[in-house]
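Subject: Structure for you to look at

Dear colleague,

I am handing over the structure that I have been reading, and I would be glad if you kept it open beside this message. My notes on it follow below.

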Amino acid sequence: MLLHGDLLFYWIHKKYPNSNHFSDRLSQNNRVNRPMFWSTAEKMCGHLVVIDPAQIEQIVHHYENTIFICAGCNEKQMGSSRNEYIVIENRVPLTHVLNMLLEIFDMFLEWEAALEKAVNRLLSYNAIIGSCDMLLEEPLALVDSKFRYISYSKRLASENGYEEKYVEDNKYLSLEVINQLTAMPDYNRLEEIQDVFQYVCVESFLHKNIYSNQIYVGRMSIPFTKDTVKNAYYKQILLIIAQYVESLYAKLGSFRHQKSSDNKFNQILNCLLNGTAVEQGSLHNLLVNRGYSQNDQYYLIQIKSHFTNNESKLGAALTSQLEDLWPETCCIVYQQKLIVLINKTKYESKSKKLFTQELAYFLREGLLLAGISRKFSNLIYIQAAYRQTDIALEVGGRTNPMYWYFRFDNYAYWYLLRNGYQNFLPEQVCDVSINILREYDVKNNTELNDTLRTYIRFHYNALSTSRELCIARSTFLKRLERIHTLTDIDFSNHQRRIYLALSYEIFEQYGADTKGVGGKY
C-alpha cells in the first residue's frame, strides 16, 4: 500500500510530539512504499527513506514520490531542499525508527486487506466503515443523499456523544440538523466539491462526497478537530475510504442495506443476463429464501430517461428507491442500464393496484420511459426478456413516442416483420395466444390450439374447419367461444390475423410442437 506523508506523520507525531513534517508543492501528493535505509537514487525513489543527519547534505536532487525521515536533526539543517521530509528532533537510533515505520506500514496493509474484503467478499458498507476503527479517534459516518445513515462508527460515536446528538431511531440524521443544513444558502453547492472539505453548520466537520457516474449519492463525515496534524491525517483517510465506497456502490448500484442472499441473487441475475451458466441448486435456494415459488411469473423492465441518454446515472440514483416502492422487485444496473425484475405473482397477491398503473405514475413524475418484457416463469430465460425490453423501447419509442411505457407484446408483431425470430424460441416472440392455448390444452386435455391453427389454415371458414376436424359445427363454435374467452383474440383485426398466421409458420419452421407446452416460458 502506498502511503501519503500525512498518514505516516500522524503516527510518528503521536510517538514523537517534537517531530515536524515539511513538503512543498512538488511533493504534496507523494505516495511511498515500505521504508528502507539510505541507498542509491534508483533504489530510494518511491520509498520512505530513513537517513542519518549527515546524509541530508547529499540530497541535492528532487526525488519523486519519495519521503525522507531523519532523527536527531532540525529544520535549519534541511536548507532549501525541494524534497518531502519528516524530521524527529530526538536523537533516536535509525533501527528504532525503521522498526516503528514497518509497524505503521503493516497496520495500513492490514487495513487495506480489510477494505478489499469488505468490497469484494462481504459486499458491506458496514465492513468498510468498521475497518477504520483502529485508525480513528473520532467517529466516521456515511450518509446517503436523503440524510439516511448507511453506516457509522458506532462505538466512537457513542463514546464521543455524537450518536445521541445526531442519530435518530430510524437511522436518519435528526430532523433539526437536516433543517439547519438545508436552510444554509450554499448547502446545495457542496455536492459539487470533489476534494475533502470543511463545513461548519451545527459543528465543524470534514466531508468527502461520494459519486456514482459523476452523480452525488452521499457523503462521508468526520469531526474537524483543533489538531492540524490529525485533520490532515483524516483528510487522507477520507480520500482512501471514498474509493472503496464508490467501488462497492458500483457493484451494488445503491446504498440499500441488503442481506447476503440478496447480494447473491443480484450476482446470479447478472450472470444469467450475461449468458453465464449458474448452478441450479443455488438459484432454487435463493428463490425459496425470497419466498418465490417455481410457478411464479415475472416481468423484466428496463427504465431510461425520457430526454437524455443517462441510464447509468439513472440506475445508481433509482435502484433503492424502486425497491422501497415495489417490495417484490429486484433492481440491478446491467451494462449501465437500470433493470427491474418484478415478481408479478407476489406483487398481485399483496396489492390491489395494477402494477402498470403504478409504473405509469412513477414514470410520469420522473420523466422516464420503460420497456416491459413478456411474462415468463423461468429465470433461465431472463436474457431473452432483457432483449425484449430493448426491442420494446426501440420499436415502441419510434411507433408511439408519446407513451410512457412499452410492452414487448404490443410490438412483437412489428419486430417479427422486420427481423424474424432470429435467436428467440418461438414461444418467446410469437403471438402469446398460442402459448396460452398450448398450456390450457395440456392441463385440460383439449384441442383448442389445433382448432385455432386449423381455423386460420382454412381462412376462417367455420364449416371447412369443422369438417377438417371431424366435429360438429356447434362443437367448433363452442371451442371458438372458449378460445376467445382465454385469449380475447379479435378476428376482425387484420394485423392480429397475420400475426397469428405468421406465428404458426414460425413454430412449424422451428420444428416446435404447437400441441405441447415444450420448454416452460
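I begin with Tyr499, whose place is in helix H22; please bear in mind throughout that this is a predicted model. Tyr499 is buried, since its relative accessible area is 6% and a residue counts as buried when that value is under 20%. If residues up to four places away in sequence are not counted, Tyr499 touches Arg374, Ala412, Tyr413, Leu416, Val429, Cys430 and Asp431. Ile436 lies 63 residues from Tyr499 along the chain, and the C-alpha atoms of these two residues are separated by 15 Å.

A second buried residue is Ser433, which has its place in helix H18 and a relative accessible area of 1%. Once the neighbours within four places in sequence are left aside, Ser433 is in contact with Thr487, Ile489, Arg496 and Leu500.

The next element to find is helix H19, which runs over residues 448-457. Is H19 enclosed by the rest of the structure or not, and why? Eight of its 10 residues are buried, so H19 is largely enclosed by the rest of the structure. The buried ones are Leu448, Asn449, Thr451, Leu452, Arg453, Thr454, Tyr455 and Ile456. Their cover includes four helices, namely H18 (432-444), H20 (462-469), H21 (473-487) and H22 (494-510), so that list takes in the helices of both residues described above, Ser433 in H18 and Tyr499 in H22.

Of these covering helices, H20 deserves a slower look. In general, two packed helices are described by the angle between their axes and the distance between the axes. For H19 and H20, the axes come within 9 Å and cross at roughly 130°. That angle is over 115 degrees but not over 145, the limits for roughly perpendicular and roughly antiparallel, and H19 and H20 are therefore oblique to each other. Their crossing is right-handed. On the H19 side the contact involves Asp450, Thr451, Thr454, Tyr455 and Arg457, and these meet Ala462, Thr465, Glu468 and Leu469 in H20. Sorted by class, the residues in this contact are three nonpolar, three polar and three charged.

Two loop residues are also worth finding. His459, which is found in the loop between H19 and H20, has a positive phi of about 55° although it is not a glycine. Is His459 buried or exposed? Its relative accessible area is 68%, and His459 is therefore exposed, because the limit for that word is over 50%. Cys470, in the loop between H20 and H21, is likewise a residue other than glycine with a positive phi, in this case near 60°. Cys470 is exposed as well, with a relative accessible area of 69%.

Finally, please look at helix H15, which covers residues 382-399 and has 18 residues. From its first C-alpha to its last, H15 reaches 25 Å, which is close to the 26 Å expected at 1.5 Å a residue. The buried residues of H15 are Ile382, Ala384, Ala385, Tyr386, Gln388, Thr389, Ile391, Ala392, Leu393, Val395 and Gly396. When you read that list, it may help to recall that an α-helix has 3.6 residues a turn, so residues three or four places apart point the same way.

With best wishes

Terms used:
Residues are numbered from 1 along each chain as its sequence is written. This is a predicted model: local features need pLDDT of at least 70, side-chain atom pairs count only at pLDDT 80 or more; totals for chains, interfaces and linings use all residues. Side-chain values use heavy atoms; hydrogens and water are left out. Buried means under 20% relative accessible area, exposed over 50%, partly exposed in between (1.4 Å probe, protein chains only). Contact means heavy atoms within 4.5 Å. The expected span of a helix is 1.5 Å times one less than its number of residues. Axes are lines fitted to C-alpha atoms, for helices over the stretch in contact, and angles run from 0 to 180 degrees between N-to-C directions. Angles under 35 degrees count as roughly parallel, over 145 as roughly antiparallel, 65 to 115 as roughly perpendicular and the rest as oblique. A crossing is left-handed if the near helix is turned anticlockwise from the far one by less than a right angle, and right-handed if clockwise. Ala, Val, Leu, Ile, Met, Phe, Trp, Tyr, Cys and Pro count as nonpolar, Asp, Glu, Lys and Arg as charged, and the others, Gly among them, as polar.
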